[in-house]
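Good morning, colleagues. I should like to walk you through one protein model, beginning with its interior and then turning to its helices.

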Amino acid sequence: MPSPFPGMDPFLEGYLWTDVHQRLATEISKRLAPHIRPRYVARLAITNYVDYDPAPEIGIIYTDIEVLRRRSSEPVPTLAGGTGVVLAEPPLTDAMDVPAPIFQVRTVSVEVYDVAENRLVTGIEILSPVNKRQPDLKKFQEKFTQLRNGNVHIIVIDLLRRGQRPITSSSLPESPYLVTLTRDGAHVMKAWPIQLDDNLPVVPVPLWPTDADVPLDLSAALTTIYDEGGYDLSIDYTSSPPPPAMNEEQAEQMKHLLSL
């Protein structure tokens, strides 16, 4: 069963997102491979971010942590018939202090390399929640700058409504989703603002100037992974989508699409 949304499905932004992210990167790499060989190859690149405070994603991405925290916040049963009187217990054993656990967030991007020189030509970044809030938002912006200084074309795919966009412009209209392309040496970026009722765009993937761009159909890629992942079996479209709350226009668009 296909998604009721022609482009990005907001119901994929919750606990399914980690799977969506990795499948989408893999599908993009697979789609590019036959069109760029033998001069280029598409590789998957893994970046690990340390998330010291995953609180904004509780119940959204880190579902296991949500279970643990909810249980730990539940009231502790009292003894002696619920009177609040705690029976005598032996003294607590001294414990050593150790650093609190931190959480590793694994993100996947696609990198296109020139085979002859093993040189990075184009980076395709798919944003995750950790990229859209501090301190890792700044780290992503620094990575973007490094790629630009390294003469790399950069495509940024933002299919998440929550968080702050690391790459944006005041000239852009408001939209829940956005894809941008910044070519090596260009002083402007190409942008595709995406509404809930829009198809995802077919974007050009630049290579060296001597070679033509390769078209990448993001809508077809998302449709493929939606089917392969069986997401329709996991989503309850009668419930509310993951946060943040939609504005009035977006809510009407969603209501219309779900009624078709």
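**The nonpolar cores and two helices**

The largest nonpolar core has 47 residues, and those touching the most other members are Leu12, Ile28, Leu32, Ile124 and Ile157. Helix α1, residues 17-36, makes the greatest contribution to this core, with 7 residues. Please bear in mind that what you see is a predicted model.

Let us look at one of these residues. Setting aside neighbours within four places in sequence, isoleucine 28 is in contact with Val110, Ile124, Ile126, Ile157, Leu216 and Leu218. Another core, of 13 residues, lies apart from the largest one; among its members are Val105, Tyr113, Phe144 and Ile154.

Phe144 brings us to helix α3, where it is buried together with Asp136, Leu137, Phe140 and Leu147. These residues lie on the same side of α3, because they cover an arc of only 110 degrees around the axis. On the face turned away from that buried side, α3 carries the exposed residues Gln146 and Asn149. Just after the helix, asparagine 151 takes a positive phi of about 60 degrees.

I turn finally to helix α5, residues 248-259. Its 12 residues should span 16 Å at 1.5 Å a residue, and the end C-alpha atoms are 17 Å apart, which agrees. Which residues of α5 are buried? They are Gln250, Gln253, Met254 and Leu257. Their arc around the axis is only 95 degrees, so they sit on the same side of α5. Glu248, Lys255 and Ser259 are exposed on the face turned away from the buried side. At the start of α5, a side-chain oxygen of asparagine 247 comes to within 3.2 Å of the backbone nitrogen of glutamate 249.

Methods. Residues are numbered from 1 along each chain as its sequence is written. This is a predicted model: local features need pLDDT of at least 70, side-chain atom pairs count only at pLDDT 80 or more; totals for chains, interfaces and linings use all residues. Side-chain values use heavy atoms; hydrogens and water are left out. Helices (H or I, at least four residues) and strands (E, at least two) are DSSP runs, numbered from the N terminus. The expected span of a helix is 1.5 Å times one less than its number of residues. Buried means under 20% relative accessible area, exposed over 50%, partly exposed in between (1.4 Å probe, protein chains only). The arc is that of the directions from the helix axis to the C-beta atoms. A polar contact is a pair of N or O atoms within 3.5 Å; within protein, one must be able to donate a hydrogen and the other to accept it, and residues adjacent in sequence count only if both atoms are side-chain atoms. A nonpolar core is a set of buried Ala, Val, Leu, Ile, Met, Phe, Trp, Tyr and Cys residues joined through side-chain atoms within 4.5 Å. Contact means heavy atoms within 4.5 Å.
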